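Let's take a relaxed walk through a protein chain together. Have a look at the picture first, then we'll go through it piece by piece.

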Amino acid sequence: MCSMIASAATNSHPRSSPVKSYDYLLKFLLVGDSDVGKQEILSGLEDGASESPFCSTNGIDFKTTTILLDGKRVKLHLWDTSGQGRFCTIIRSYSRGAQGILLVYDITNKWSFDGIDRWLREVEEHAPGVPKILIGNRLHLAFKRQVSEVIADSYASKNDMVLYEVSPLCNYNIVESFTELSRLALRRNGMERLWRSNKVLSLQELCCRTIVARTTVYGLEQLPLPAAMKNHLKSYSLTSCKPRLRQGHTHQQEKNIKKTKIIHPCDSPTLNCRKSCVLS
């Protein structure tokens, strides 16, 4: 009887919804030929679950991770296809709900770069308009490079993509590439305006703002700083603090005018011209 009352009392109080550990949730798809190192990219990510909570992932590797973007927590669901031709049908079904695509190739394998055209056609057919970035993997093997960065960057620009050469072994440009793709995806969905006012300022901008707020554009010349840094501070002050500088400049001009004495030359020069001049 007591147990029934206790269970009834427990059921009478609605369960509070759990607090989400993220602000945005995005789904990204990694595509590319087999053996280009997509699994290497995912294996180094932290705090991620490796099993899909949705369905069986036969032929698909799943990973989650959370990144920080301008002070907002963005959780990423990352889906990695095997890259084999028989999984093209899986790519077609998974790409429809993706908010971002990572096209991965191996910089030491030119065939993998040539195959990006085929993957790009698949993505454009089944997920048109979805933001994409080009990933050149295994940068730590640059001494075996077969795809130059110039050619890859030109290809990315031609197809409205950004190129990132990454190295999972050195943890180089992994998080940066996901961060850039997250920014593009949120901007496409109109979510960037929600955090624009809370954007975290860079250390350089904070330093420039502090220095410019305590001096004028003329006082910057007196600071013991390199010439390049002075020029940068001047440009920042002219673009960010125009009203304050104009007021300071006007006040300084008025101050100089008050100190200036106007000298009227004598009408007819004489021998004692210095005495005939009038000071006012």
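Is Phe-113 buried or exposed? Phe-113 is buried, because its relative accessible area is 10%, and the cut-off for buried is under 20%. Keep in mind that this is a predicted model.

**The whole chain**

Let's zoom out for a moment. The chain has 280 residues, and 36% of them count as buried. Its secondary structure adds up to 11 helices and 8 strands. If you take the contacts between residues at least 6 apart in sequence, 68% of them join residues at least 24 apart. The accessible surface is about 18000 Å², with 55% of that belonging to carbon and sulfur atoms.

**Rings that meet**

Back to our phenylalanine. The chain has 3 aromatic pairs. One of them is made by Phe-113 and Tyr-155, which sit edge-to-face, with 5.5 Å from centre to centre and 65° between the planes. This pair ties together distant parts of the chain: Phe-113 belongs to helix H4 (residues 110–114) and Tyr-155 to helix H6 (residues 149–158), 42 residues apart. Tyr-155 counts as buried too, because its relative accessibility is 10%. Add Tyr-105, and you have one aromatic cluster of Tyr-105, Phe-113 and Tyr-155.

Rings can also have a charge sitting over them, and here are two cases:

| Charged residue | Ring | Distance to ring centre |
|---|---|---|
| Lys-27 | Trp-79 | 5.5 Å |
| Arg-118 | Trp-119 | 4.5 Å |

**Two helices with two sides**

Trp-119 from the table turns up again in helix H5 (residues 116–126), where the buried residues are Ile-116, Trp-119, Leu-120, Glu-122, Val-123 and His-126. They cover an arc of only 160° around the axis, so they lie on the same side of H5. On the other side of H5 you'll find Arg-121 and Glu-125, both exposed.

Why would residues spaced like that line up? An α-helix has 3.6 residues a turn, so residues three or four places apart point the same way.

H6 tells a similar story. Its buried residues are Ala-152, Tyr-155 and Ala-156. They fall within an arc of 100° when you look down the axis, so they line one face of H6. Val-150 and Lys-158, on the other side of H6, are exposed.

What do the buried residues of H6 pack against? Their partners are strand E4 (100–106), H4, H5, strand E5 (132–137) and strand E6 (162–165). After H6 comes Asp-160, which has a positive phi, near 55°.

Key: Residues are numbered from 1 along each chain as its sequence is written. This is a predicted model: local features need pLDDT of at least 70, side-chain atom pairs count only at pLDDT 80 or more; totals for chains, interfaces and linings use all residues. Side-chain values use heavy atoms; hydrogens and water are left out. Helices (H or I, at least four residues) and strands (E, at least two) are DSSP runs, numbered from the N terminus. Buried means under 20% relative accessible area, exposed over 50%, partly exposed in between (1.4 Å probe, protein chains only). Contact means heavy atoms within 4.5 Å. Accessible areas come from the Shrake-Rupley method with a 1.4 Å probe; for residues, only the protein chains shown count as cover. Rings of Phe, Tyr and Trp (its six-membered ring) pair if their centres lie within 6.5 Å; planes under 30 degrees apart count as stacked, over 60 as edge-to-face and the rest as tilted. A charge sits over a ring if NZ of Lys or CZ of Arg is within 6 Å of the ring centre and within 35 degrees of the ring normal. The arc is that of the directions from the helix axis to the C-beta atoms.
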